[in-house]
Amino acid sequence: MSKHTRATEGRLEAIWIKRTKRGPMDCVEQATLEAGKGLVGNANQGGRRQVTILEREIWAELMTEVAGALPPSARRANLLIHGLSLSRSRTRVLAIGSCRIRILGETRPCERMEEAWPGLQAAMSRSWAGGAFGEVLDDGEILVGDPVRWVEE
């Protein structure tokens, strides 16, 4: 699929829960979302950045650009999706399985990305390359393999 084609449905490829700030990213097959809070068991709860989301395709492009070999978990996002673009999605609603997440903005790369791989922070600074963050609108379970799609409101 070309970069300019807009897919209507993607797939949830991975879920990571961070138990403590700056702590390890635990890969899980399923997780519970809590409306207004985020992922149950995740260090970041409430506020605007309840869940962070990364596109697999963008991560692969970034690794090629910086000649890197890091797994997507190095981004420290909560969710990895495939087949759906997050670019310019502010205020849109993303459905993952039966749960919805309102995208509130793009996740900007921090110095931890430079520590992870030289040049990565700069490469991620282009528009939406660092992924997106949002607020959880529904309580529910999400599972790796769940469909991911935009909800028109």
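These notebook entries record what I looked up in a predicted model.

**Entry 1. D146**

I began with D146, which sits in the loop connecting β10 (140-143) to β11 (147-151). I asked which side chain of opposite charge is nearest to D146, and at what distance. It is R149, 8.6 Å away. D146 is buried and has no salt bridge. A salt bridge requires a side-chain nitrogen of Lys or Arg within 4 Å of a carboxyl oxygen of Asp or Glu, so R149 does not qualify as a partner at 8.6 Å.

I then looked for a polar partner of the D146 side chain. One of its polar atoms lies 2.8 Å from the backbone nitrogen of L143. Setting aside neighbours within four places in sequence, I listed the contacts of D146 as G10, R11, L12, I96, G97 and E141.

**Entry 2. Salt bridges**

I searched the whole structure for salt bridges and recorded eleven. I examined three of them one by one.

For E13 and R56, I noted a closest N to O separation of 3.1 Å. E13 belongs to strand β1 (residues 9-18) and R56 to helix α1 (residues 56-65), so this pair ties together parts that are 43 residues apart in sequence. Both ends are partly exposed: E13 has a relative accessible area of 21%, and R56 has one of 34%.

For E65 and R126, the closest N and O atoms are 2.8 Å apart. The pair links distant parts of the chain, with E65 in helix α1 and R126 in the loop between α3 (120-124) and β9 (132-136), 61 residues apart. I recorded R126 as partly exposed, at 34% relative accessibility.

For R100 and D138, the closest N and O atoms are 2.8 Å apart. R100 is in strand β8 (residues 99-106) and D138 is in the loop between β9 and β10, so the bridge ties together parts that are 38 residues apart in sequence. Is each end buried or partly exposed? R100 is partly exposed, with a relative accessible area of 28%, whereas D138 is buried, with a value of 17%. The cut-off for buried is under 20%, so D138 falls within that class.

I also checked for shared partners. R11, E13 and R56 are joined into one network by salt bridges that share partners. R11 had already appeared in Entry 1 among the contacts of D146.

**Entry 3. The second largest pocket**

I next turned to the second largest pocket, whose volume is about 420 Å³. Its lining comprises 22 residues, and K18, N44, R49, R75 and R76 are those nearest its centre. I asked which elements give two or more residues to this lining. They are β5 (51-55) and α2 (111-116). The largest share, three residues, comes from α2.

**Entry 4. Positive phi**

Finally, I looked for residues with unusual backbone angles. Most residues other than glycine have a negative phi. I noted two residues with a positive value.

R22, which is not a glycine, has a phi near 65°. R22 is located in the loop between β1 and β2 (25-28). Its relative accessibility is 56%, and I entered it as exposed.

T91 is likewise not a glycine, and its phi is positive at about 80°. T91 is located in the loop between β6 (79-82) and β7 (93-96). I entered T91 as exposed, with 56% relative accessibility.

Conventions
Residues numbered from 1 in each chain as written. Predicted model: local features only at pLDDT ≥ 70, side-chain atom pairs only at ≥ 80, totals over all residues. Heavy atoms only, no water. Helix = DSSP H or I, 4+ residues; strand = E, 2+ residues; numbered from the N terminus. Buried < 20%, exposed > 50% of the residue type's maximum accessible area, 1.4 Å probe, protein only. Lys, Arg positive; Asp, Glu negative; His and termini not counted. Polar contact = N/O pair within 3.5 Å; in protein donor to acceptor, adjacent residues only side chain to side chain. Contact = heavy atoms within 4.5 Å. 1 Å grid on protein atoms, 1.4 Å probe; cavity = no way out; pocket = protein on both sides within 12 Å on 5 of 7 lines; lining within 4 Å. Points joined across faces, edges and corners; volume = space filled by probe spheres on them.
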